[in-house]
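Work through the exercises below with the model open. Try each task before reading its solution.

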Amino acid sequence: MCTSVIVGSKATERQHIIVSRNEDCLRDVWNKYFVYRHQAEYTNDKVIHDGMWQLGNGLKVPKPLHHFGYSAAPDFIANEEAHVLMPARFLFEERGINEMNVAVSATNSFKMNAKLNTLDPLLKEGGITEAVIPTLILPQAESARHGVQLLGHYIEEFGAGEVNGVTIADVNEVWYFENGSSHHWVAVKVPEECYVVVANAMRIHDIDLNSNDVLHSPTLFEFVEKHQLLTAPDKHRFNFAKAFGELGDPYNVDRVWLGQHLFTPSINQPTEQEQYPLFLKADESISVPDVIKVLTATYRNTVLEGIAQRPIGYDKTAESHIITLDKQQPHELQGVIWQAISTPLCSPYIPFFSGVKSFPQTYHFGNNSFENHSAYWAYRILFTLAHQQNLALVSTIAENFRQQEQVFWSEQLMLTPLLKNMCHDNTEQMISFLTRYTEGNCESLIQFAHNMSSNIMNNLAEINKD
């Protein structure tokens, strides 16, 4: 149910790669927490049996030889979600950056073409799924291309339990990956001057399978040709999404249209086309606040207002992230995760530098039942109360957060020279400074959320007086 926005470095305001996604869910309450994994799961012997690593969804793969630390955003109920008993919570880790500054955002969920149910059916248990992709790839990937090759290998070797879209990036390039069945996949490098918008349908089309900027399962074209999944398939203008997916569902294409409309309003595209261009150039350079605008967008003031049912900005979002990767910075400063917890319709994006390996206690606390001390519940309750009082209040609170994000965006530009110097002189001191900076931002905005919730509760109590 997710929406992703991916932007090449030359399309951005500050010449860095942007990877982003709303992690949307089937229910309103889906608590997340943030963690830095200093050790990969497979360093724990309790998940290794006869040299095989058993993941929480039942997947078994050979134990990797090397591992990198990485950041993650797993579910609080991951232990309950595991199909097998696990010693730690390593499921639905969703997004992160590892020590090599390789970033993963997983996944956008898709529906598979019904023909594939017999030709290459998905595994019912133990396959490659959203639940395990970050856990599997982030500890191993040395580069974005290597991450794509790893994921492709695992799908070919062990099969998939879902069809998904995944973004894998490093400071030099960003790749968008789709698997269309249990064993067939394709990935394309996003052009530096372009962006991609993805909803819940396969998007990859009009690609050259012989290009160095395309990777895919070895027998992909022969499989499509043999089973007539396309009429007159062309290796040089290959339509993976049409061969393997379901096209034209307004639930998905409306969101793609909206994202492209916001970034490239100069192109007057008709609504509800079967497929929209995979890559487009934006009318203006794209900034983090611009991506936030898209990730929180509704159809208001567009031709789809009152018509389209599923916006990008969504109340059932568990978390939303925007990852920036900047090769101009020192290694410890190249990756930043702009993180909103709960729905960004009523939650701020706060920058977390990848060099920071600890998080405020409020981001480790809580479960799916309301309590007062977690960051997730601070924002989820604020949205619930504001929505209950009136929709205009939700917009007012969101505008406060959007203004604060603009302050963070401006501060980051001013902080960069200072941080570079600190990193050169004393990296540990720089990390300590960034940790305090992040903790201060988190706590001040959580306090703002608590104060706003208290004010709304007081107002509701006054309204209900006799």
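Two strands pair if DSSP finds at least two bridges between them. Helices (H or I, at least four residues) and strands (E, at least two) are DSSP runs, numbered from the N terminus. This is a predicted model: local features need pLDDT of at least 70, side-chain atom pairs count only at pLDDT 80 or more, and totals for chains, interfaces and linings use all residues. Residues are numbered from 1 along each chain as its sequence is written, and side-chain values use heavy atoms, with hydrogens and water left out.

**Exercise 1. Find the bridge partner of I6 in β13, then place β13 in its sheet.**

Step 1. Start with the pair. Strand β1 (residues 3–7) and β13 are antiparallel and share four bridges. Within β13, V196 is the bridge partner of I6.

Step 2. Widen the view. The order β13-β1-β2-β15-β16-β17 describes an open sheet of six strands with antiparallel pairing. Its edge strands are β13 and β17 (350–353), and each pairs on one side only.

Step 3. Check the other edge. Strand β16 (residues 335–341) runs antiparallel to β17, joined by four bridges. I337 stands opposite F352 there.

Step 4. Look at what covers the sheet. Helix α8 (residues 288–295) packs on the sheet and touches β1, β2 (17–24), β15 (317–325) and β16. Contact means heavy atoms within 4.5 Å. The direction of α8 makes about 155° with that of β15. Axes are lines fitted to C-alpha atoms, for helices over the stretch in contact, and angles run from 0 to 180 degrees between N-to-C directions.

**Exercise 2. Are the residues on the two faces of β13 buried or exposed?**

Step 1. Recall the rule. In a regular strand the side chains alternate between the two faces of the sheet.

Step 2. Set the cut-offs. Buried means under 20% relative accessible area, exposed over 50%, and partly exposed in between (1.4 Å probe, protein chains only).

Step 3. Apply them. Strand β13 spans residues 195–198. Y195 and V197 are buried on one side, and V196 and V198 are buried on the other. Both faces are covered.

**Exercise 3. Trace the sheet that holds β12.**

Step 1. Write the order. This open sheet of six strands reads β8-β9-β10-β11-β12-β14, with antiparallel pairing. The edges are β8 (95–97) and β14 (214–216), each pairing on one side only. From one strand to the next, the twist averages 15°.

Step 2. Add the helix. Helix α4 (residues 144–158) packs on this sheet, touching β10, β11, β12 (185–189) and β14. The direction of α4 makes about 10° with that of β11.

Step 3. Follow the neighbours of β12. Five bridges join β11 to β12 in the antiparallel sense. N179 stands opposite W185. The two strands form a hairpin with five residues between them. On to β14: three bridges join it to β12, and V186 has H216 as its bridge partner.

Step 4. Why is β12 called largely enclosed by the rest of the structure? Four of its five residues are buried, so the label fits.

**Exercise 4. Describe how α9 packs against α10.**

Step 1. Pick the descriptors. Two packed helices are described by the angle between their axes and the distance between the axes.

Step 2. Read the values. Helix α9 (residues 375–389) meets helix α10 (residues 391–425) at about 140°, with axes 6 Å apart. That makes α9 oblique to α10. Angles under 35 degrees count as roughly parallel, over 145 as roughly antiparallel, 65 to 115 as roughly perpendicular and the rest as oblique.

Step 3. List the contact. From α9 come Y379, L382, F383, A386, H387 and Q389; from α10 come L391, L393, V394, I397 and F401.

**Exercise 5. Which residues touch the most other members of the largest nonpolar core?**

Step 1. Define the core. A nonpolar core is a set of buried Ala, Val, Leu, Ile, Met, Phe, Trp, Tyr and Cys residues joined through side-chain atoms within 4.5 Å.

Step 2. Name them. The largest core has 73 residues, and I322, Y363 and I397 touch the most other members. Helix α11 (residues 427–463) gives the most to this core, with eleven residues.

Step 3. Zoom in on I397. Leaving out residues up to four places away in sequence, I397 touches C346, L382, A386, M452 and I456.
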